[in-house]
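Happy to walk through this one with you. Have a look at the chain first, and then we can go through how a few of its labels are earned.

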Amino acid sequence: MRKVKLHGFTLIELIVVIIISGIIVASSTSLLVQATKGYVTGRENINANWQAGLALERMTRDLHEALSITKATSNELAIINIYGADIDYKLEKNRLMRNKQVLADGIKNIAFNYHDANAIHYISISMEFIKVKSNFSTLVALWNVK
């Protein structure tokens, strides 16, 4: 009688392949999770940088056009510009508001500091975002305020 040779895998070979495949999938998943976290963090940083740049640029432009300051506290600033318009900046529910319109979102804190002995001639503005650990700030000279 002739012996027929069977081709196939043993149970031990299949178990070894399954274990090795599991290790590869687990390490790939870890890399994928880290890449996703990096993407989300990068997106949040870009969004915060964009919003901070836009908000600080807008506030700088408005402050350069300020004729008088009507309210100056550590977290609120109100001015009258050279066109006679009232402009008010304040933080409400993690949103930086400019006259009831959202200028930036996700703000943890905003601080206005006023510099000069007799009258305010410089204002420093600092913003801190909730999801980003960076602080954004600028110093603005008031050109028209006497």
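**How the labels are earned**

This is a predicted model. In the chain, 38% of the contacts between residues at least 6 apart in sequence join residues at least 24 apart.

Q: What makes up the secondary structure of the chain, and in which pattern does it follow along the sequence?
A: There are one helix and eight strands, and reading along the sequence gives α-β-β-β-β-β-β-β-β.

Q: Why is the chain called more spread out than a compact globule?
A: For 146 residues the globule rule gives 15 Å, but the radius of gyration is 29 Å, well over that value, so the chain is more spread out than a compact globule. Along the principal axes, the C-alpha atoms fill a box of roughly 115 × 25 × 20 Å.

Q: Why does S124 count as buried?
A: Buried means under 20% relative accessible area. S124 has 13% relative accessibility, so S124 counts as buried. Across the chain, buried residues make up 25% of the 146 residues.

Q: How do you know that a polar contact joins the side chains of S124 and H115?
A: The cut-off for a pair of N or O atoms is 3.5 Å, and the contact between these two side chains is 3.1 Å.

Q: Where is S124 placed, and which residues is S124 in contact with, leaving aside neighbours within four places in sequence?
A: S124 lies in strand 7, residues 122-129. Its contacts beyond those neighbours are A111, F112, N113, H115, T138 and L139.

Conventions: Residues numbered from 1 in each chain as written. Predicted model: local features only at pLDDT ≥ 70, side-chain atom pairs only at ≥ 80, totals over all residues. Heavy atoms only, no water. Helix = DSSP H or I, 4+ residues; strand = E, 2+ residues; numbered from the N terminus. Rg over C-alpha atoms; globule rule 2.2 N^0.38 Å. Buried < 20%, exposed > 50% of the residue type's maximum accessible area, 1.4 Å probe, protein only. Contact = heavy atoms within 4.5 Å. Polar contact = N/O pair within 3.5 Å; in protein donor to acceptor, adjacent residues only side chain to side chain.
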